[in-house]
Amino acid sequence: MKPDLRLALRDFGEWHTSPLNRACHDVGLPAITIATLGALARVQLPLVVPVLGPLDLGLLLLGGTLLFDLWLEWRLAPFVAGLGLVCWAIGRELSPAVLGV
């Protein structure tokens, strides 16, 4: 892991230790990710991705995030990408009313 990332994660960990803060992050971050990717999945592009179907802005964002994560810390990137795909799959199945779109 890059030294700058290790330092940033250590600092983040020191500030986010209370149970309430952890619970808010455990619920809030996936909810925000699902809603954002679900809303972006509504905007489809004229390309098809094998297995996943039509390319949409949610997948495009996940692709950019994967590239950034590979640069930042390649060992964590597949795990983060997998979580992102799960959030995208859930979000694209939600109705626009639920997503607030």
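Start by selecting Leu 66, Leu 67, Leu 70 and Trp 74: together they make a nonpolar surface patch with about 420 Å² of accessible area. A patch here takes residues with over 30% relative accessible area and no salt bridge, and joins nonpolar side chains (Val, Leu, Ile, Met, Phe, Trp, Tyr) within 5 Å; a salt bridge would be a side-chain nitrogen of Lys or Arg within 4 Å of a carboxyl oxygen of Asp or Glu. Areas are Shrake-Rupley values with a 1.4 Å probe, and for residues only the protein chains shown count as cover.

Keep in mind that this is a predicted model, where local features need pLDDT of at least 70, side-chain atom pairs count only at pLDDT 80 or more, and totals for chains, interfaces and linings use all residues. Numbering runs from 1 along each chain as its sequence is written, and side-chain values use heavy atoms, without hydrogens or water.

Now click on Trp 74 alone. It sits in the loop between helix 3 (57-73) and helix 4 (77-93). Its relative accessible area is 58%, so Trp 74 counts as exposed (over 50%; buried is under 20%, partly exposed in between, 1.4 Å probe, protein chains only).

Next, switch to cartoon. You should find five helices and two strands, in the order α-α-β-β-α-α-α from the N terminus. These are DSSP runs: H or I of at least four residues for helices, E of at least two for strands.

Finally, zoom out. The C-alpha atoms fill a box of roughly 45 × 30 × 15 Å along the principal axes. Of the 101 residues, 20% are buried. Show the surface: about 7100 Å² is exposed, with 74% supplied by carbon and sulfur atoms.

Methods: Patches are made of residues with over 30% relative accessible area and no salt bridge: like charges are joined within 9 Å, nonpolar side chains (Val, Leu, Ile, Met, Phe, Trp, Tyr) within 5 Å.
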